[in-house]
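Here is a short briefing on one protein chain. It moves from the overall fold to one helix and two loop residues.

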Amino acid sequence: MTISETMRAVRIARHGGPEVLERTDVAVPTPKAGEVLVGVSAVALNNTDLWTREGAYGRAGDPRARSGWRGPIDFPRIQGADIAGRIAAVGPGVDEGLVGRRVVVDPAIYDSDRPDANPVGLMGSERDGGYAEYVTAPAGHAHNVTASALTDEQLASLPTAYGTALGMIERGRMRDGETVLVSGASGGVGLALVQIARARGARVVAISSGAKSDAVRAAGADGVVDRAGDIAEQIRAVAPTGIDVVLDVVAGDLLGAGLPLLREGGRWVVAGALGGYDVHFDVRRLYLHNAQLIGSAMHTPTHFRRLVELAVRAEIRPVVAATYPLEQAAAAQEQLARREHVGKIVLRP
């Protein structure tokens, strides 16, 4: 396989709006020991791309500080966490027989080699990502999906959205037959939550805009609550006996209003703050009912391997809302920010 010395890429040199996304030519990265070089076929967008570009993650003790996913960004940075493609080259110590293999990349940077390791960094934030023709990654993070019937765009839609969704479901200990509430259900993570929870036997109540309710039902929701109305009142009508597990990417006012709707021993899993990070709730509703509030950031290595197994068997089928060429990354992020779509937006380098 012939690899050129330079490649097209889109990167950021500072925090800001879509205008800071710069199309440029850079050197093709060289895989280090234990790494592979992946030719990027597709890279999906996530809210992490927007928040990283804006520096919207804050820091402990300074929630308004401009920051990447887990701290200051080392600029310039190539964005893009969700990558599907083929291995183009390998670094020292890696089997050369992997060249040509179709892969999906686990974008997490973990704190250890344990199967339950915690993600402490992310491609596109703490190391360069896939808004480029090539990207390097640890060999163990490039998972074989040669046998999958999913398209490259669908495979690229999996890592962050579906990995986050599976991590939430696992940490929330969701069981067959339970009633589950999914917030932000028309977004990438939300739609993944609906699909996976339904596939695992849950009764799914989803919160979405009225215009997107049909698409959310098609993904597997048993009932859809219109976020424009009185959410708590609607949930009581759809699930009068209460909710076992809330899978929440919105937070904000929803947490305070919805906590009393949990059944005894219910679990509320938070993996986002689209509705705001400054949350207020009545703590008595938490401890008096043996409820649990659980934070969930992405997935563990074990979760990701399970996700790859689902992808190989095509048991989940991500919805792709739109595709853009790499050079239109700014337009793609602007569409993502408008939140008028259902499913994932994908770049094709």
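Among contacts between residues at least 6 apart in sequence, 69% join residues at least 24 apart. The model is predicted. The protein chain holds 10 helices and 18 strands.

**Overall shape and surface**

- The radius of gyration of the protein chain is 20 Å, which agrees with the value near 20 Å for a compact globule of 349 residues.
- Along the principal axes, the C-alpha trace spans about 60 × 40 × 40 Å.
- Buried residues make up 55% of the 349 in the protein chain.
- The exposed area is about 14,500 Å², and carbon and sulfur atoms supply 48% of it.
- Side chains in the protein chain include 38 positive and 40 negative ones. The centres of these two sets lie 2 Å apart.

**Helix α1**

- Helix α1 covers residues 47-54. Its buried residues are T48, D49, L50, T52 and R53.
- An α-helix has 3.6 residues a turn, so residues three or four places apart point the same way.
- The buried residues of α1 pack against four strands and a helix: β1 (6-12), β2 (21-27), β3 (35-44), β8 (119-122) and α10 (329-338).
- G55 comes just after α1 and takes a positive phi of about 70°.

**H141, between β9 and β10**

- H141 sits in the loop between β9 (134-138) and β10.
- The relative accessible area of H141 is 16%, so this residue counts as buried, the cut-off being under 20%.
- Leaving out residues up to four places away in sequence, H141 touches V104, V105, D106, A108 and Y110.
- One of these, A108, also offers its backbone oxygen, which lies 3.3 Å from a polar atom of the H141 side chain.
- L158 is 17 residues from H141 along the chain, and their C-alpha atoms are separated by 14 Å.

**S148, between β10 and α2**

- S148 lies in the loop that runs between β10 (142-144) and α2 (152-156).
- Is S148 buried or exposed? With a relative accessible area of 8%, S148 is buried.
- Neighbours within four places in sequence aside, S148 is in contact with R102, L155, A311 and V312.
- The S148 side chain reaches the backbone oxygen of A311 at 2.8 Å.

**Side by side**

- Each of the two loop residues has a polar side-chain approach to a backbone oxygen: H141 to that of A108, and S148 to that of A311.
- Both loops involve β10: H141 is in the loop between β9 and β10, and S148 is in the loop between β10 and α2.

Methods:
Residues numbered from 1 in each chain as written. Predicted model: local features only at pLDDT ≥ 70, side-chain atom pairs only at ≥ 80, totals over all residues. Heavy atoms only, no water. Helix = DSSP H or I, 4+ residues; strand = E, 2+ residues; numbered from the N terminus. Buried < 20%, exposed > 50% of the residue type's maximum accessible area, 1.4 Å probe, protein only. Polar contact = N/O pair within 3.5 Å; in protein donor to acceptor, adjacent residues only side chain to side chain. Contact = heavy atoms within 4.5 Å. Rg over C-alpha atoms; globule rule 2.2 N^0.38 Å. Areas by Shrake-Rupley, 256 points an atom, 1.4 Å probe, with all protein chains shown as cover. Lys, Arg positive; Asp, Glu negative; His and termini not counted. Charge placed at Lys NZ, Arg CZ, Asp CG, Glu CD.
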